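This report describes selected features of one protein model. It takes up the cysteines, the pockets and a sheet in turn.

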Amino acid sequence: MILTLSCPDRHGIVAAVSAFLLQRDANISDAQQFGDAQSGQFFMRVVFEPSERDSEQAIRDAFSPLGQRFEMDWTLRGPEPRKVMILTSRFDHCLADLLYRWRIDELQMQVTAIVSNHPRDMIGHVDLGDLPFHHLPMAGDKAAQEAKLLALIEETGTELVVLARYMQILSDDLSAQLAGRCINIHHSFLPGFKGAKPYHQAHARGVKVIGATAHYVTADLDEGPIIEQDVERISHRDAPADLIRKGRDIERRVLARAVSHHLNDRILMHDGKTIVFGD
């Protein structure tokens, strides 16, 4: 099981949590914590194996008084894989990478559906297997399309939505409803080069590094809490096609790491930024 928490920083938090798990005969396999001196907040992630005679609900009920005592915002999650919906458009490299990592059990998740604003034949060479595919085209009525998408998210019990190069801007309303559970991959080491042909823009400016940023979606376009970033050096020898090729690789690995962090409860948010506990 994984316990995550945040609360005002004070003496005794780690000792109290450790003592609680010891009293329940649980075995801690990993524990990480961080005290933010600027905000005065404390953050903690604990992975533990409960006693065979214990249950998730019993632990949850027993921990509640401790959470109240320290004014904790906390979550407790068992080993069940989270339900994930992947949205994509014409560029399918991130989709193919996520599905590959899922099939080899690198990403522990249950894929509820693949959704695209383009027909399935646009990603025809990607092996979707028996995964449900939904074509939700943009026919000018954005509100109607998003209503269908939200209904599908609710019907499938989807817990995380991944925008795997889904080339549509979510409305403020949908962004708000998916707060903290929708991850986007952006083709820049934010901020910079927004809009059409970003790698051509980068090439025209003679940049020396390109990158990608995975972040939670908010109503502020490409300004959500950053989860993961990476960069790669380039040179004057690289043409726009080279930047696109290298950029695809960066986008794949950055998005995969961000999704993995979320699935494994490694991310805590505070004041518009993230605390990401490492592997």
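Cys-182 is buried, with a relative accessible area of 1%. The model is a predicted one. The sulfur of Cys-182 lies 14 Å from the closest cysteine sulfur, that of Cys-94, and this is too far for a bond, because a disulfide requires two cysteine sulfur atoms within 2.5 Å. The structure accordingly holds 0 disulfides. Cys-94 is likewise in no disulfide, its nearest cysteine sulfur being that of Cys-182 at 14 Å. With a relative accessibility of 1%, Cys-94 counts as buried, since the term applies under 20% relative accessible area.

**Pockets**

The two pockets treated here are set out below.

| Pocket | Volume | Lining residues | Nonpolar / polar / charged residues |
|---|---|---|---|
| Largest pocket | about 430 Å³ | 21 residues | 9 nonpolar, 8 polar, 4 charged |
| Second largest pocket | about 370 Å³ | 18 residues | 7 nonpolar, 6 polar, 5 charged |

The largest pocket encloses about 430 Å³ of space. Of its 21 lining residues, those closest to the centre are Gln-168, Ile-169, Asn-184, Leu-221 and Asp-222. Strand S9, which spans residues 182–186, gives the most to this lining, with 3 residues.

The second largest pocket has a volume of about 370 Å³. Thr-4, Thr-75, Asp-265, Ile-267 and Leu-268 are the closest to its centre among the 18 residues of the lining. At least two lining residues come from each of strand S1 (2–8), strand S4 (73–77), helix H7 (240–263) and strand S12 (267–270). Strand S4 gives the most to the lining of this second pocket, with 5 residues.

**The seven-stranded sheet**

In which order do the 7 strands of the open sheet lie? The order is S7-S6-S5-S8-S9-S10-S11, and the pairing is mixed. Strand S7 (133–135) and strand S11 (226–233) stand at the edges; each has a single partner strand, so one side of each is left without a neighbour in the sheet. On average, neighbouring strands of this sheet are turned by 20° against each other, direction ignored.

At the S7 edge, strand S6 (residues 109–116) runs parallel to S7 and is joined to S7 by 3 bridges. Ser-116 stands opposite His-135 in S7. Strand S9, already named for giving the most to the lining of the largest pocket, takes its place in the sheet between S8 and S10.

Technical notes
Residues numbered from 1 in each chain as written. Predicted model: local features only at pLDDT ≥ 70, side-chain atom pairs only at ≥ 80, totals over all residues. Heavy atoms only, no water. Buried < 20%, exposed > 50% of the residue type's maximum accessible area, 1.4 Å probe, protein only. 1 Å grid on protein atoms, 1.4 Å probe; cavity = no way out; pocket = protein on both sides within 12 Å on 5 of 7 lines; lining within 4 Å. Points joined across faces, edges and corners; volume = space filled by probe spheres on them. Helix = DSSP H or I, 4+ residues; strand = E, 2+ residues; numbered from the N terminus. Nonpolar A, V, L, I, M, F, W, Y, C, P; charged D, E, K, R; others polar. Pairing = 2+ DSSP bridges. Axes fitted to C-alpha atoms, helices over the stretch in contact; angles between N-to-C directions.
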